[in-house]
Each structure stands twice: as C-alpha cells, then as structure tokens.
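This report looks at the central strands of a sheet and at the surroundings of a bound ligand. Please keep the sequence and the structure in view while reading.

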Amino acid sequence: MIRKSLIYKTEVEYGDYTLNHIQGCSHGCKYPCYAYMMAKRFGKVKSYEEWIHPQIVENTMQLLAKELPRFKDKISLLHLCFTTDPFMYGHEDICQLSMQVLQRANAHSVRCSVLTKGILPIELAELPLQNEYGITVVSLDDDFIRRYEPGAAPIHDRIDALKALSEKGCKTWVSVEPYPTPNIIKQSLSNILDAVSFADRIIFGRLNYNKVVSEYKQHKEFYNQCAEQVIQFCKDNQIDYHIKTGTITE
Ligand code: SF4
C-alpha cells in the first residue's frame with residue numbers, strides 16, 4: 001500500500017506528532033480496538049479478518065525523507081503508533097521497518113515514543129537519542145491475554161523485554177489501559193503494578209466501548225479506586241504517572 005503522507009499532529013498524551021506506517025494489526029484486540037472500529041467505519045477495512053492481516057506502507061522511508069526535515073523543529077516527541085502496533089508480534093518485516101523509522105527520526109534529532117503489545121528488541125538501546133519505550137499491560141493472566149489480545153506477545157515476554165531495555169538505561173513506560181472491570185476478570189492491580197515497578201512512567205485508563213463494563217454497576221467507584229491506587233503506588237515508588245481523561249469520575 002502507498003500513502004501520500006505519514007506524519008501528523010495528534011492530541012494523544014504519548015507524543016505531539018504520530019505516524020502509522022502499517023494499516024491493520026495482527027494483535028486483533030477484542031476490547032474492542034478503537035483503531036479497528038475507526039478503520040471499519042471509514043471504509044479502510046471491511047472486516048476483522050482484513051484488519052488482522054496488516055499491510056505495510058511501502059513508501060514509508062521515502063515519505064520520511066520528505067517529511068522529517070519539514071517537521072523536525074516542530075516535533076517534541078514522535079509517537080509510534082496511534083492506529084497500529086510498530087513491533088507487531090511475529091512480523092519481523094514490520095519490526096525491521098519500525099527500527100529504520102526510529103533510526104531515521106533520531107538521525108534528524110527527533111525523539112520518539114513507542115507503544116507495543118509485542119516484544120521490544122534490545123537493539124533499541126543502541127539508538128542515539130533518549131526515546132521512550134512502552135508496552136501495554138492490563139493483566140498478568142495468560143488466558144485473559146489470549147482472549148482479549150489474541151495475536152499479541154505473551155505478557156511475561158513483553159515485560160521481560162521492556163525490563164531489559166530499562167536495565168540498559170532506556171526510558172520506559174507502561175500503559176495499563178484499557179483496564180478491565182472485575183466482571184471481566186478478577187485480578188490484583190497490585191500484582192500488575194509490582195511487575196512493572198521498574199518503569200519510569202505508568203499510564204492508567206479505563207476500558208471504553210464495552211457494554212460488559214457498564215453492566216458492572218460499581219464501575220465508576222471501581223475506576224476511581226484503581227486510579228487512586230495507581231497514584232499512590234507511583235508516588236511511593238517515584239514513578240511518573242498519568243491517569244487518562246474520563247477514568248476518574250464524580
Ligand atoms: S495492538 Fe493496538 S492497534 Fe493492534 S489490535 Fe490491539 S489495540 Fe488495536
């Protein structure tokens with residue numbers, strides 16, 4: 001697939017600009033995935049089957065060669081990715097292209113943030129700039145992960161790869177979002193926070209667009225309590241935190 005442009009400004013909290021050099025995502029999350037819902041609504045994909053067979057944007061590097069010089073002074077943090085996953089599990093071609101994108105951005109003095117449900121390669125530690133590497137962890141339960149993130153990397157492998165980068169001195173972060181309610185899975189948020197306590201930053205957010213959440217009558221109180229727990233944990237452990245808008249309610 002060929003695109004006309006790649007880098008665009010965004011309102012998400014992970015970076016002020018973003019790019020998506022792949023369409024679709026084999027992780028096929030069933031929360032559901034907001035990117036999939038939008039792709040379907042705007043006619044970019046017809047079905048879930050099509051969504052989980054990702055297509056690389058073939059002219060990614062040519063577009064970057066044109067766009068990075070133009071945008072580089074405006075970008076404080078370039079986020080990979082907003083509507084797909086840059087280190088898609090089991091897709092070596094996508095992982096290699098994402099490494100090239102990061103190398104090229106850093107060569108233009110553009111720092112990047114990365115978010116994945118795949119395995120972050122240790123070679124990221126060799127990139128010249130202080131990028132921010134993140135993974136999603138909403139549960140440590142393998143069965144839950146297989147059901148809700150069917151194509152994504154096993155959760156402990158994901159965490160181990162991030163920890164290895166942290167030990168190499170990289171800046172790391174964890175997205176605990178979209179966090180499920182107890183009628184979806186009963187689990188300990190403390191155990192999840194303990195497992196990622198090495199990270200420099202934790203982002204916590206509720207699960208949206210899922211009717212099972214609204215069936216859980218106490219979901220507002222639940223998310224308020226969880227957010228409070230995350231804030232306290234981060235304060236106690238000197239970890240930066242951010243609670244996503246709409247997670248804490250009256
Ligand atoms: S990893 Fe992200 S983009 Fe991919 S299916 Fe899951 S939520 Fe959607």
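## Strands of the sheet and the ligand shell

Glu-132 stands opposite Lys-171 in E8, where strands (E, at least two residues) and helices (H or I, at least four) are DSSP runs numbered from the N terminus. The model is a predicted one, in which local features need pLDDT of at least 70 and side-chain atom pairs count only at pLDDT 80 or more, while totals for chains, interfaces and linings use all residues. Residues are numbered from 1 along each chain as its sequence is written, and side-chain values use heavy atoms, with hydrogens and water left out.

Strand E7 (residues 132-136) pairs with E8 in the parallel sense over five bridges, two strands being counted as paired if DSSP finds at least two bridges between them. On the other strand named here, E6 (residues 112-116), four bridges lead to E7, and these two strands also run parallel. E8 in turn pairs with strand E9 (residues 201-206), again in the parallel sense and over five bridges. Some of the bridge partners are listed below.

| Residue | Partner |
|---|---|
| Ser-113 | Glu-132 in E7 |
| Gly-134 | Trp-173 in E8 |
| Thr-136 | Ser-175 in E8 |
| Val-176 | Phe-204 in E9 |

Five of the five residues of E7 are buried, which is to say under 20% relative accessible area, with exposed meaning over 50% and partly exposed in between (1.4 Å probe, protein chains only). Glu-132, Gly-134 and Thr-136 point one way from E7, whereas Tyr-133 and Ile-135 point the other way. In a regular strand the side chains alternate between the two faces of the sheet. Strand E8 (residues 171-179) is largely enclosed by the rest of the structure, because eight of its nine residues are buried.

E8, helix H7 (residues 189-195) and E9 make a right-handed β-α-β unit; right-handed means that, with the strands pointing away from the viewer, the path from the first strand over the helix to the second runs clockwise. The open sheet has eight strands in the order E1-E2-E5-E6-E7-E8-E9-E10, with mixed pairing. Strand E1 (8-9) and strand E10 (240-243) stand at its edges with a single partner strand each, so one side of each is left without a neighbour in the sheet.

Turning to the ligand, the residues around it (those with a heavy atom within 4 Å) are Cys-25, His-27, Gly-28, Cys-29, Cys-33, Trp-51, Thr-84, Asp-85 and Lys-117.
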